[in-house]
Amino acid sequence: MRLANTVVLLLAVLAAPAGCNRSQSETPKESTVVVFRGADGRTITMNELRGLTGTFRYEILGKSNVPAEAESLHKEARQAGESGDYKKAIALLEQAAHLAPQWPHPVYDMAFTYLLMKDTENARKHYRKTLELAPRGFFTAITALDALVREEKGDLPAGTYLTYLSLEWMNDSEKKAKTVRQLVKRVPAFAPAWKELAFLSNDDTEKAAAIDKGLAANPDGETKGILQINKALILDRKGDHDGAVRLLGELALDPTSPYATEHLAKVTLASIARK
């Protein structure tokens, strides 16, 4: 069981231009420049974007006042899971969650562990609980729950999400590309697969087509946000800078955006704002 401690969001972007560090040399006047103004009058300034990085630390959410014993149990559970002892991992995670009932991390790891055990009922239950504790997202809980609910309803073939999740562990780029292309062909209604196809493509036309198909496939909130951010990058590369800024600004200010979408939209906006 391989569980990430952080999510490096810029790795999920097709081609995020480097440029965030340029804000370090901004003058005080430049830092107050309005990059985007929403229809409701809210603004995003260069000062707000300064210093943002592509890493979003989900594991700190809800961690205030977590007992040391809960942290220790959680660490031990992760070690058990990584060694393949899923039953022990679940037992330890349950103890950690009991000691820290507002901490999403052990609940999320329970969901993931149940998924690896192919117990989709309990996986759904715990992904749902994770999002009750962290409504704007925690790692991939939004995508996972959406996919597993759709599998339960018969909208997606059983095992679709687990197949998709396996892509994370594929180091062979050719094998990964083949699996992604097979997945979009077999399950064209699964938006995350189109997102992955867009990442794999080196051609903006193919990327844009994959993004559009993903957006048309009823994507979950996390997937939709990443697809739109990458659509903004393509717009910017094609010369529609204002359109890219508008799309990113709207995502960053939308209160319904998942945490990751808001953060990555701001990071991407910072990278293109001073062009």
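Modeller: In what follows, a residue counts as buried when its relative accessible area is under 20%, and the model we discuss is a predicted one.

Colleague: What percentage of the residues of the protein chain count as buried?

Modeller: The protein chain holds 14 helices and four strands, and its accessible surface comes to about 13500 Å². Of the 275 residues in this chain, the share that counts as buried is 50%.

Colleague: How many aromatic pairs are there in this predicted model?

Modeller: Rings of Phe, Tyr and Trp pair if their centres lie within 6.5 Å. Counted by this rule, the aromatic pairs come to seven.

Colleague: Why is the pair of Tyr-164 and Phe-190 stacked or edge-to-face?

Modeller: Planes under 30 degrees apart would count as stacked, whereas those over 60 count as edge-to-face. The ring centres of Tyr-164 and Phe-190 lie 5.4 Å apart and their planes stand at 85°, so the pair is edge-to-face.

Colleague: Which parts of the chain does this pair link, and how many residues apart are they?

Modeller: Tyr-164 belongs to helix 8, which covers residues 160–165, while Phe-190 sits in the loop between helix 9 (173–186) and helix 10 (191–200). The pair therefore links distant parts of the chain, with a separation of 26 residues.

Colleague: Is Phe-190 buried or exposed?

Modeller: Its partner Tyr-164 has a relative accessible area of 11%, which is under the 20% cut-off. Phe-190 has a relative accessibility of 2%, so by that cut-off Phe-190 counts as buried.

Colleague: Which residues form one aromatic cluster?

Modeller: A cluster is built from aromatic residues, here of the Tyr and Phe kinds. Its members are Tyr-108, Tyr-127, Phe-138 and Phe-139.

How values were computed: Residues numbered from 1 in each chain as written. Predicted model: local features only at pLDDT ≥ 70, side-chain atom pairs only at ≥ 80, totals over all residues. Heavy atoms only, no water. Phe/Tyr/Trp six-rings, centres within 6.5 Å; stacked < 30°, edge-to-face > 60°. Helix = DSSP H or I, 4+ residues; strand = E, 2+ residues; numbered from the N terminus. Buried < 20%, exposed > 50% of the residue type's maximum accessible area, 1.4 Å probe, protein only. Areas by Shrake-Rupley, 256 points an atom, 1.4 Å probe, with all protein chains shown as cover.
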